[in-house]
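Hello,

Here is the structure I said I would pass on. My notes follow it.

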Amino acid sequence: MSKFFSAKYAKLVPYVPGEQPKDAQYVKLNTNESPFSPPNSVLEAVKTEGGRLQLYSDPESALLTQKTAEVLGVQPSQVLMTNGSDEALNFAFMAFCDENHPIVFPDISYGFYSVFAKLNGIPYKTIPLKDDFSVDYRDYLGVKANVVIANPNAPTGLAISRSEVEEILKSNPENVVIIDEAYVDFGGESCVALIDKYENLLVTQTFSKSRSLAGARLGMAIGNEKLIADLNTIKYSTNPYNVNRMTAAAGFSVLCETEWFETCVRTIKENRESTKTRLQELGFTVLDSKTNFLFAKSDKVSGETLYKELKARGVLVRHFSGERIKDYVRITIGTAEQMQIFLTKTEEILKEKKV
């Protein structure tokens, strides 16, 4: 830390992203990316826009916004395109939270929530998950604070129902409820259909997971026009050209690939269930995931040891050191071949630990 670093950030602990190794080849199952490359139409769209990089991107991302609204069944004025859903979340923290409007979220969830709160000087409170790692919607009824819930949640993979989200919305009419739907395409129940019914609902989604654009950095916020106007005030006060030309072109093109999208999602769900079954046969406890990953633990090997042993064998998974979840690993669902390699290496480790 330099002597010039602002004291207001001196105690800030930044978000720690998953490993992106450059020194070896791994079966990479640690950051919930899609195992499938975007279709050729997306690559061609990016190539075309690459020839126009001397020009700023459209600050409104008009074509992409229109297409996104069409796919979601909402109005363009109800959508804001962002540089990843992380930007949408940060905009929301900035727009709706302050010292008089704190925010609450689960104690085990996406690590960026506490970072955004601390970065923006926002008071926050965490609410413990239940013993089975599920979110109890009743804990958020009438909290008189803004709320953010990842649904399905990460790293657990568990989800609450749309009707339960409605109860949270109805009981906090003077506060914004942010539902982070990064993984919703893999089995969750989206709340986008509720934005006309509840003025305090903001939904965020991403192109990183089910649409294979993690490296492009594209996300969105969906809510009523007034909420989106608020977010636009933040956007135009920080980074008006937040979605670059090539990313906007990629996003538009991938939204046109409906059959490819449905096939990828279906394949990941199939691979998730077959991997879950095999892990349970090996004695693992596996949570009921509605995402593109599994959260699992074994009584035969600690989470940290399993992570390290798999890495030594060329397979990356994610391990968290939090007390309640330190025995678990989070396993991104990849191709059938990748999952077989993961399972084979896991079996090898378990056999070694048994000897």
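Which residue does the side chain of Lys170 meet in a salt bridge? The partner is Glu167, at 3.0 Å from N to O. Before the rest, please note that this is a predicted model.

Salt bridges

Lys170 and Glu167 both sit in helix H5, 3 residues apart, which means that about one helical turn separates them. Lys170 is partly exposed at 47% relative accessibility, and Glu167 is partly exposed too, with a relative accessible area of 32%.

The count for the model is 20 salt bridges. Another one that involves H5 is between the side chains of Arg162 and Glu189, at 3.8 Å from N to O. Arg162 belongs to H5 (residues 162-171), while Glu189 is in the loop between strand S6 (177-180) and S7, so this contact ties together parts 27 residues apart in sequence. The relative accessibility of Arg162 is 28%, so Arg162 counts as partly exposed; for Glu189 the relative accessible area is 35%, again partly exposed.

In helix H8 (residues 258-281), Glu281 and Arg278 are 3 residues apart, or about one helical turn. Their salt bridge has its closest N and O atoms 3.0 Å apart. Glu281 is exposed, with a relative accessible area of 56%, whereas Arg278 is partly exposed at 26%. Elsewhere, Glu309, Arg313, Glu348 and Glu352 are joined into one network by salt bridges that share partners.

Strand S8

Strand S8 covers residues 219-223, and 5 of its 5 residues are buried, so the strand is largely enclosed by the rest of the structure. In a regular strand, side chains alternate between the two faces of the sheet. Here both faces are covered: Gly219, Ala221 and Gly223 are buried on one side, and Met220 and Ile222 on the other.

S8 pairs antiparallel with strand S2 (residues 79-82) over 4 bridges, and Thr82 stands opposite Gly219. Strand S7 (residues 201-206) also runs antiparallel to S8, joined to it by 5 bridges. There the bridge partner of Thr206 is Gly219. Gly219 therefore has a partner in S2, Thr82, as well as one in S7, Thr206, and is itself buried.

Second largest pocket

The second largest pocket holds about 260 Å³ of space. Its lining has 14 residues, with Glu49, Leu63, Arg245, Ala248 and Ala249 nearest the centre. By class, the lining has 8 nonpolar, 3 polar and 3 charged residues. Helices H2 (62-72) and H7 (245-255) each supply at least two of the lining residues, and H7 gives the largest share, 4 residues.

Regards

Conventions. Residues are numbered from 1 along each chain as its sequence is written. This is a predicted model: local features need pLDDT of at least 70, side-chain atom pairs count only at pLDDT 80 or more; totals for chains, interfaces and linings use all residues. Side-chain values use heavy atoms; hydrogens and water are left out. Buried means under 20% relative accessible area, exposed over 50%, partly exposed in between (1.4 Å probe, protein chains only). Two strands pair if DSSP finds at least two bridges between them. On a 1 Å grid over the protein atoms alone, a cavity is a set of points where a 1.4 Å probe fits but cannot get out, and a pocket is an open set with protein on both sides within 12 Å along at least five of seven lines; lining residues have an atom within 4 Å of a point. Grid points are joined across faces, edges and corners, and a volume is the space filled by probe spheres set on the points. Ala, Val, Leu, Ile, Met, Phe, Trp, Tyr, Cys and Pro count as nonpolar, Asp, Glu, Lys and Arg as charged, and the others, Gly among them, as polar. A salt bridge is a side-chain nitrogen of Lys or Arg within 4 Å of a carboxyl oxygen of Asp or Glu.
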